[in-house]
Amino acid sequence: SILHTAHEAFIGMDTAGMIVEWNPQAERMFGWRRDEAIGTPLHDKIIPPAIRQAHSAGLRHFLLSGSERVMNKRLQLTAARRDGAEFPCELTIGHVRVGDEQFFGGFISDQSERQRVDKELAAERALLSAVLETMDIAVVACDRHGALTLFNRASRQLHGLPMDDIDYARVTDHFSLFASDGVRQLAYDELPLARALRGDHVRDEQVVIKPSAQPA
């Protein structure tokens with residue numbers, strides 16, 4: 001009952017590679033009815049033709065070596081539906097012995113939507129990065145721990161840094177910040193970024209940037 005009401009597809013398989021369990025979510029995900037799947041080879045139902053041989057070899061290796069390096073881990077794989085359409089999925093495999101027999105159970109989730117969203121977000125980030133890189137206004141960003149995540153072209157030029165890629169973790173080694181008088185060097189706690197991370201409202205702050213390559 002638990003398997004049949006699970007939100008993820010569940011497939012059981014014996015050591016011969018034959019399907020012994022196939023829940024309703026598996027029916028919906030792969031397009032095969034339970035009575036069509038039970039007792040048939042797993043690779044005929046969900047494994048893309050191009051990797052069926054590798055799947056069979058992997059099963060044989062497991063049975064001979066007893067290796068459990070894929071057990072109870074989230075595996076990113078490609079599966080195939082009844083109509084031949086391939087899709088990315090996440091698989092977690094369990095292994096159980098009943099007397100002298102061994103069985104495998106796998107929970108499978110369709111990752112198509114997540115990968116689509118990830119690709120869209122990656123495209124948006126790439127576009128934003130390209131826009132920020134070409135702006136004439138210096139833009140600097142950091143994560144919630146204060147680690148720099150963005151130092152655009154205008155910022156690098158302003159701080160006297162090279163125009164090519166730089167190590168953000170060491171970027172502060174290349175310049176110093178002074179108060180608006182240009183004489184008193186700011187301590188870390190006085191830096192606008194450090195103050196902002198503490199929750200202070202920082203706006204229209206004036207500082208003097210001295211690149212390390214220039215004399216004081």
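**Exercise 1. Classify S155 as buried or exposed, and describe its surroundings.**

Solution.
Step 1. S155 has a relative accessible area of 0%. The cut-off for buried is under 20%, so S155 is buried. The model used here, as in the later exercises, is predicted.
Step 2. Locate the residue: S155 belongs to helix α7, which covers residues 153-158.
Step 3. Look for polar partners. The side chain of S155 makes a polar contact of 2.9 Å with the side chain of N152.
Step 4. Look further along the chain. When neighbours within four places in sequence are left aside, S155 is in contact with A138, V139 and V140.

**Exercise 2. Find the salt-bridge partner of D136 and state where each of the two residues lies.**

Solution.
Step 1. The side chain of D136 forms a salt bridge with the side chain of R153, at 3.3 Å from N to O.
Step 2. D136 sits in the loop between α6 and β6 (140-142), while R153 is in helix α7. The two are 17 residues apart, and the pair links distant parts of the chain.
Step 3. Compare each residue with the cut-offs. D136 has 72% relative accessibility, and exposed means over 50%, so D136 is exposed. R153 has a relative accessible area of 25%, so R153 is partly exposed.

**Exercise 3. Describe the salt bridge between E120 and R116, including its place in the secondary structure.**

Solution.
Step 1. In this salt bridge, the closest N and O atoms of E120 and R116 are 2.5 Å apart.
Step 2. Both residues lie in helix α6 (residues 112-134). Their spacing is four residues, about one turn of the helix.
Step 3. Accessibility is 40% for E120, which is partly exposed. R116, with a relative accessible area of 38%, is partly exposed.

**Exercise 4. Which residues surround E36, and which of its contacts are polar?**

Solution.
Step 1. E36 is part of helix α3 (residues 34-37). Its relative accessibility is 19%, and the limit for buried is under 20%, so E36 counts as buried.
Step 2. E36 and R33 meet through their side chains in a salt bridge of 3.3 Å, N to O. R33 is partly exposed, with a relative accessible area of 45%.
Step 3. R33 also approaches through its backbone: the backbone nitrogen of R33 is 2.9 Å from a polar atom of the E36 side chain.
Step 4. A further polar contact, of 2.8 Å, joins the side chains of E36 and R82.
Step 5. Leaving aside neighbours within four places in sequence, the residues in contact with E36 are G31, K45 and R82.

**Exercise 5. How many salt bridges does the structure hold?**

Solution.
Step 1. The structure holds 13 salt bridges.
Step 2. Among them is the pair E36 and R33, as are E120 with R116 and D136 with R153.

**Exercise 6. What is unusual about the backbone of D204, and where does this residue lie?**

Solution.
Step 1. Start from the general rule. Most residues other than glycine have a negative phi.
Step 2. D204 has a positive phi of about 55°, although it is not a glycine.
Step 3. D204 is found in the loop between α8 (192-197) and β9 (208-211).
Step 4. With a relative accessible area of 70%, D204 is exposed.

How values were computed
Residues are numbered from 1 along each chain as its sequence is written. This is a predicted model: local features need pLDDT of at least 70, side-chain atom pairs count only at pLDDT 80 or more; totals for chains, interfaces and linings use all residues. Side-chain values use heavy atoms; hydrogens and water are left out. Buried means under 20% relative accessible area, exposed over 50%, partly exposed in between (1.4 Å probe, protein chains only). A polar contact is a pair of N or O atoms within 3.5 Å; within protein, one must be able to donate a hydrogen and the other to accept it, and residues adjacent in sequence count only if both atoms are side-chain atoms. Contact means heavy atoms within 4.5 Å. A salt bridge is a side-chain nitrogen of Lys or Arg within 4 Å of a carboxyl oxygen of Asp or Glu.
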